[in-house]
Each structure stands twice: as structure tokens, then as C-alpha cells.
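Biologist: I have a model open and would like to learn how to read it. Could you walk me through a few features?

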Amino acid sequence: MNKTVEVHSSVSALVQRALELILSKAETAIGERGQFTIALSGGSTPKPLYEAIANQKLPWDKIHVFWGDERYVPADHPDSNELMARRAWLDQVALPQANIHAIPTLSANPEVDAAKYNQHLQTFFNSASGEFPALDVVLLGMGDDAHTASLFPYTEALKVSDRLVTVGNKDDNLRITFTYPFINAARSVIFMAAGANKRPALAQVFAPVADDFAYPSRLIRPQGELYWLLDAAAGLEL
Ligand SMILES: O=C(O)[C@H](O)[C@@H](O)[C@H](O)[C@H](O)COP(=O)(O)O
């Protein structure tokens, strides 16, 4: 793992840096493998990043978009991570619908939809059960409880290491989430975290010893590169 922690002066500087990184990873991936695969996060921090990506001229047909987690709501619900990314980015550019790999949420059973997304990913990457294919970029946020994707403290999802996708649980609201070993298989994992409310969690996530089960972002130790992009408020005491 190659870990880089950067503290930027403002949220817009952080967003600009995330944009640069993603453009550079996309160029490399398309040059080397003919396509760029990225998993998006929800939360509020990445929205200006998605708007900035939409303003770029990119070979959209070579870009495949996935989600690291999704709330268990229909795709037109205001809480949907897919809806946010569609409005800010995907609906604004000529990215083929077939390249948008949204998490299904309509079977009334999150276990069934998690299994469907798992299968969809295995088919896309042509990987066998038990293998963890590498996305080019997994974009993540972190909550002030140190959760990431929908891997919440002390939940069963943190123990799942035999598949790509599982069911997450936020205060008894079920969600669908990548598992930590799938995130860790990525070529690059980019965390974006802004705001002073993230400081106590970050201190635990960066501590040499702490409980991974209490602070799930600690589980993210990718085989490739790990970037933590922070704003000045989040990074103040680091
Ligand atoms: O769907 C979600 O809620 C997320 O993917 C989640 O893990 C998010 O990234 C963090 O809660 C940070 O959210 P903010 O960017 O709003 O701080």
C-alpha cells in the first residue's frame, strides 16, 4: 500500500485535486487497458467533484461507473446516491446508459439485490466467486463515526470477506455496500473528507493501534494506492 495524506486549504482545492487525480488515473487506465472503471460514493462532499467531471471532455464511452454503496431506496428518491451522481454528472454528458452500473434496489429484499450486484460485477470483470477484481478508482467518503461506503461501526458487513457486495446497516436502515476486501483490491482508493466534525474519527483511523470494528475506515488498506484528501478543517490536528 502506498498511502498519501494531503491537507488542502479549502473544499474547492480538495475537489480540484480529486479531479486532477481522477483525470490522470482515467488517462492511464484508458491508455493501458482501454477503459476506466470508477466506483462513486454518496454523501455531500463529492457533488462538486461530479459537477467538475461533467465539465471535462472525456472519452465517455470508455468510462464505466459503479457505486461503492447505495441507500435502499428507488433511483428517483432524494436519498439515492445514484440520483445525485446522475444529476451532477452522468445526465450532463454522453456517457452510454450501458456504462452506468447502478446498484439495484427494487426487489424489496436487500440480500437479493446485493447478490444481483455481486453477480453483475463478476460478469463485468469476468471474475470467479472468491476473486476480487480491481477497479481503477474507488472514491470514498468518511462519516464522523469513521464509517465508509456503508460499512458502519460494529455491523455484520465488516465481517464479510468472501464476496464483493453485501448488506450494510445504518441504525436498522439497510443499505447495499462493497465489502472491504473488494475496495482493497482497487488500483487507487481516494478518500475525500471535509469539515472539523471528521477530526476525532480521523485521529482514530490514522492511529497506529485502534479497533477496526469501531472505526471501519481503518479496514481500507488497498493493494494499490491510498489517498486521503482532506480540507484544512478536517486535517487541522493531523
Ligand atoms: O452513501 C453514503 O452516505 C456514503 O457513501 C457515505 O459513506 C459518505 O461518503 C459519508 O457518510 C460521508 O458523507 P459526507 O460527504 O456527507 O460527509
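Modeller: Happily! Let's begin with handedness: a crossover is right-handed if, with the strands pointing away from the viewer, the path from the first strand over the helix to the second runs clockwise. In this predicted model, β2, α2 and β3 form a right-handed β-α-β unit.

Biologist: In which sense do β2 and β3 pair, and over how many bridges?

Modeller: Their pairing is parallel, over 5 bridges. To find the register, look at Leu-40, which stands opposite Trp-67 in β3.

Biologist: Which way do the side chains of β3 point?

Modeller: Here is the general idea: side chains in a regular strand alternate between the two faces of the sheet. In β3, Ile-63, Val-65 and Trp-67 point one way, while His-64 and Phe-66 point the other way. Buried means under 20% relative accessible area, and 5 of the 5 residues of β3 are buried.

Biologist: And the helix of the unit: which residues of α2 are buried, and what do they pack against?

Modeller: Helix α2 spans residues 47–54, and its buried residues are Leu-49, Tyr-50, Ala-52, Ile-53 and Ala-54. They pack against α1, β2, α3, β5 and β8.

Biologist: Now the ligand. How many residues surround it, and which are the closest?

Modeller: There are 15 around the ligand, the closest being Ser-44, Thr-45, Asp-69, Arg-71 and Lys-198. For polar contacts, check N and O pairs within 3.5 Å. A polar side-chain atom of Ser-44 is 2.8 Å from a ligand oxygen, and one of Asp-69 is 2.7 Å from a ligand oxygen. Gly-42 uses a polar backbone atom instead, 3.1 Å from an oxygen atom of the ligand.

Terms used: Residues numbered from 1 in each chain as written. Predicted model: local features only at pLDDT ≥ 70, side-chain atom pairs only at ≥ 80, totals over all residues. Heavy atoms only, no water. Buried < 20%, exposed > 50% of the residue type's maximum accessible area, 1.4 Å probe, protein only. Helix = DSSP H or I, 4+ residues; strand = E, 2+ residues; numbered from the N terminus. Contact = heavy atoms within 4.5 Å. Pairing = 2+ DSSP bridges. Near = heavy atom within 4 Å. Polar contact = N/O pair within 3.5 Å; in protein donor to acceptor, adjacent residues only side chain to side chain.
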